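Student: Could you take me on a close look at one part of this protein, the charged side chains and how they pair up? I would enjoy one connected walk through it.

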Amino acid sequence: MTRAPANLLAVRSLLLTHLNVDPKTVRDADLEPAEVGIVGDPAHRGGYHCGSDRVVTNDYSVVESSRDRKGLTLDAAALDVGGFSVRSGGRTHTLPSFSLWCVGQCAANAADTRDIREIIYSPDGTTVKRWDRLGKRTSGDSSHRWHTHFSFFRDAIKAGRDQRPLFRRYLTSIGLIEVAPTPPMEDPEMELSDRLKRDTGRPQRTVDDVLADLSNLRNWLVSAPNSPGVVDGPAPNSPLAALLAAAGRPAVDVPALATEVLRVLTPQAIADAIPSSLAKEVADELARRLVA
């Protein structure tokens, strides 16, 4: 006989846990157990509420998709959700708003909706609409004015795939399930042989290479050129190589340097260097100092 599969029973339990009347809270949801159904009543024949013992010839829930043909078992592959009203996050959430949210997620092809074949629902309690992943139908019978029907591809039910993520996301989005705080990330352990994630011009560069280069850089900057223990000097013609080469030149003869400067820096050379616009000011200042 047609049976209710564990993955749809888990969805049913999730919805009833958060949308059923709970006298211990201020919420006043009214989703009752009898309003969340999986297996059709004994007279039900054909459709996703039926397993292999109740399908009919050319049953649309079997023949229109290879996923259904391959997944046909005694399990039902549908879920009905009845009316409710719950106040959360400053808003009232009802069956129509729930249905529209789910349809929106399916239309956007969210990852956790891809096992849903169709949703038959009413956006306003009057008009009946159908979202069909296969694009076969756009409406349904009038009973869907007060309940929303979800059909799942039978292969997903057969595989036992968890169908709660979409419904959990809805309950979280309206504030009925609190989001657990994200624990602080611990620094991952680093191995010396780990390659660097960012490009440094050497794809094989490792953490060990960087540490060695930092040690060398320190030695190059604090040690005299050609000191023992300094490994692999800077590349020829690099700025650091030029700097270190300059640091290793003989000390400057300061007196000789001063004599050379004074030889070049003659009064005429100084006068020639002064712009004409500034010459009179300089002459006046020198005259004032001589008088003083």
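Tutor: Happy to; what follows goes from the whole chain to its charged pairs, and then to an acid without a partner.

Please keep in mind that this is a predicted model. The chain has 292 residues, and buried ones make up 31% of them. Its secondary structure consists of 11 helices and 7 strands. Among contacts with a separation of 6 or more, 57% are between residues 24 or more positions apart. About 18,600 Å² of the chain is exposed, with carbon and sulfur atoms supplying 57% of that area.

Now to the charges. The structure holds 10 salt bridges, and a good place to start is the one between Asp132 and Arg117, where the closest N and O atoms are 2.9 Å apart. Asp132 lies in strand 6 (residues 129-132) and Arg117 in strand 5, so this pair ties together parts that are 15 residues apart in sequence. How buried are the two partners? Asp132 has a relative accessibility of 9% and counts as buried, because the cut-off for buried is under 20%. Arg117 also counts as buried, at 0%.

A second bridge joins these two strands. Arg130 pairs with Glu118, with 2.8 Å between the closest N and O atoms. Arg130 sits in strand 6 and Glu118 in strand 5, and the two are 12 residues apart. Both Arg130 and Glu118 are buried. Looking at shared partners, salt bridges join Glu64, Arg117, Asp132 and Arg137 into one network.

For a bridge with partly exposed partners, turn to Asp112 and Arg169, whose closest N and O atoms are 2.7 Å apart. This pair links distant parts of the chain: Asp112 is in the loop between helix 4 (95-107) and strand 5 (116-121), while Arg169 belongs to helix 6, 57 residues apart. Asp112 has a relative accessible area of 22% and is therefore partly exposed. Arg169 is partly exposed as well, with 32%.

That leaves the acid without a partner. Asp68 is found in helix 3 (residues 66-71). Asp68 is buried yet has no salt bridge. Which side chain of opposite charge is nearest to Asp68, and how far away is it? It is Arg117, at 4.3 Å; a salt bridge requires a side-chain nitrogen of Lys or Arg within 4 Å of a carboxyl oxygen of Asp or Glu, so the pair does not count as one. We have met Arg117 already, as the salt-bridge partner of Asp132.

What does the side chain of Asp68 have beside it instead? A polar atom of this side chain lies 2.9 Å from the backbone nitrogen of Arg154. Leaving out residues up to four places away in sequence, Asp68 touches Tyr48, Ser61, Val62, Arg117, Phe152, Phe153 and Arg154. Arg117 is thus in the list of contacts of Asp68, although the two form no salt bridge.

As a last stop, here is a nonpolar spot to set beside the charges. Leu192, Leu211 and Leu214 make a nonpolar surface patch of about 280 Å². Leu192 is found in the loop between helix 6 (164-173) and helix 7 (207-222). Its relative accessible area is 46%, so Leu192 is partly exposed.

Conventions. Residues numbered from 1 in each chain as written. Predicted model: local features only at pLDDT ≥ 70, side-chain atom pairs only at ≥ 80, totals over all residues. Heavy atoms only, no water. Patch = residues over 30% accessible without salt bridge, like charges linked within 9 Å, V, L, I, M, F, W, Y side chains within 5 Å. Areas by Shrake-Rupley, 256 points an atom, 1.4 Å probe, with all protein chains shown as cover. Helix = DSSP H or I, 4+ residues; strand = E, 2+ residues; numbered from the N terminus. Buried < 20%, exposed > 50% of the residue type's maximum accessible area, 1.4 Å probe, protein only. Lys, Arg positive; Asp, Glu negative; His and termini not counted. Polar contact = N/O pair within 3.5 Å; in protein donor to acceptor, adjacent residues only side chain to side chain. Contact = heavy atoms within 4.5 Å.
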